[in-house]
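Colleague: Pick one part of this model and take me through it slowly, please. Keep the cut-offs in, and tell me what ties that part together.

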Amino acid sequence: MEALWQWTLAGALLVALLAVLAYFFFGRDSRLEAVAVDEIPDGLSALQVGMAVDGIVSGEDLGAQLFDWAARGNVRLALASGEWTLIQGERPGEDAYAYEQEAWDRLFQAGERQQVKPAEHHADILAATLTLQNGAEACFTTGKRRMSDARSAYIAMAVWLMGAACLLAAAVVAGRQRGLNAYGIAPLAIGAMIPAVVAAWLSGWMQRFYQVRSRRRNSLVAATILLCDAVLGILTVNMLASPIYLAEQAAPMVAAGLLAAFIAPFVGRRSRYGHWLLCRLMGLRDALADPDRFPGRRQGESKEAYFFRMLPYAQVLGVGDELVAQYAALDMPCPEWLDWQEAEPFTAMALQRRLVGIRDQILERKPEGEW
């Protein structure tokens with residue numbers, strides 16, 4: 001028994017050391033600091049910026065895509081009595097992304113349909129938005145724009161497997177101590193694996209939303225994993241290793257399994273591109289909120305045209321109110337791509353409210369589990 005305890009302790013220490021090293025080399029990120037920019041980083045669309053910032057394609061991002069299309073002449077937008085209608089414009093050209101062309105074709109039936117209304121073309125709007133979502137996500141999960149370090153996903157899985165192996169070994173060792181056969185150990189081993197499965201699910205979730213992790217969310221997810229694993233781990237040791245003094249052979253492996261499960265979600269470092277992009281998006285956000293800065297402004301572009309083009313970017317970056325405040329007192333004409341039939345006069349603030357309204361309508365019409 002003493003030799004078994006020594007071997008389990010040595011194995012547990014090795015797993016714990018490997019898990020800590022995996023976090024140290026593949027989980028620690030350099031600090032994000034805003035970098036001043038004078039243009040939109042990497043020429044991203046408003047939809048892509050929203051995806052890069054929070055890791056998901058939200059209704060606000062999709063609403064921004066419609067305004068982005070309108071500003072580029074791909075659609076005309078009609079707003080009347082709180083409802084919106086898309087009127088066919090020029091199909092996105094060769095310089096557009098393939099997923100934009102596919103979504104546009106779905107909305108306008110490859111040019112055969114002249115108008116799209118939410119009440120009449122609900123299914124096509126959902127299909128187009130799903131195409132936009134998948135396309136924008138794909139931009140940052142593969143290729144040179146991958147936001148996370150490709151190696152980190154494999155290292156995180158390896159850490160999880162080490163933790164799962166430790167919990168499984170602890171159940172087997174404790175079961176043997178009680179003299180159980182394989183049929184008696186099996187259900188108890190399955191119970192011991194529940195914490196590992198929970199850790200794996202949360203690890204995948206954290207990998208998906210890694211680029212926007214906050215310390216508060218890190219702590220919350222880690223506490224959830226630790227609580228679940230600790231409760232089931234303690235139950236495993238006490239239920240399998242009876243009397244209690246026999247638990248010392250299984251306890252080191254349980255502790256190592258809990259540590260690996262705790263660390264696995266945090267093994268997911270950003271790629272160099274991810275760090276580069278997020279620092280510049282922070283700079284773009286700060287510049288859009290600054291009345292003395294006009295990042296991305298084109299030569300000869302009027303203030304009004306600049307505002308219409310940059311409002312979707314400001315919205316997805318969370319500084320829409322700040323940008324609108326800079327133009328609130330400006331008596332601007334309605335843009336050519338917008339058919340304004342609302343009761344209230346056209347203003348920068350009114351246009352922003354309509355963008356938010358489109359976002360809310362998209363979210364309201366999303367069926368449960370669709371995105």
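Modeller: I'll go through the paired strands first, and then the salt bridges in the stretch that follows.

Some ground rules before that. This is a predicted model, so to speak of local features I need pLDDT of at least 70, and side-chain atom pairs count only at pLDDT 80 or more, while totals for chains, interfaces and linings use all residues. Residues are numbered from 1 along each chain as its sequence is written, and side-chain values use heavy atoms, with hydrogens and water left out.

Start with strand E1 (residues 75-80) and strand E2 (residues 83-88), which run antiparallel and are joined by six bridges. Helices (H or I, at least four residues) and strands (E, at least two) are DSSP runs, numbered from the N terminus, and two strands pair if DSSP finds at least two bridges between them. For one spot to look at, Ala78 stands opposite Thr85 in E2. The hairpin of E1 and E2 has two residues between the strands, and Ser81 takes a positive phi there, near 55°.

E2 has another partner as well: strand E3 (residues 115-116) pairs with E2 in the antiparallel sense, over two bridges. Here Leu86 is the residue that stands opposite Val116 in E3.

Now follow the chain past E2. Asp105 forms a salt bridge with Arg91, the closest N and O atoms being 2.9 Å apart (the rule is a side-chain nitrogen of Lys or Arg within 4 Å of a carboxyl oxygen of Asp or Glu). That pair links distant parts of the chain, 14 residues apart, with Arg91 in the loop between E2 and H4 and Asp105 in helix H4 (residues 98-108). Asp105 is partly exposed at a relative accessible area of 21%, and Arg91 is partly exposed too, at 38%. Buried means under 20% relative accessible area, exposed over 50% and partly exposed in between, with a 1.4 Å probe and protein chains only.

Further along, the side chains of Arg113 and Asp124 meet in a salt bridge, at 2.9 Å from N to O. Arg113 lies in the loop between H4 and E3, and Asp124 in helix H5 (residues 122-139), so this pair ties together parts that are eleven residues apart in sequence. Arg113 counts as buried at 17% relative accessibility, and Asp124 is buried as well, at 12%. For context, the structure holds twelve salt bridges.
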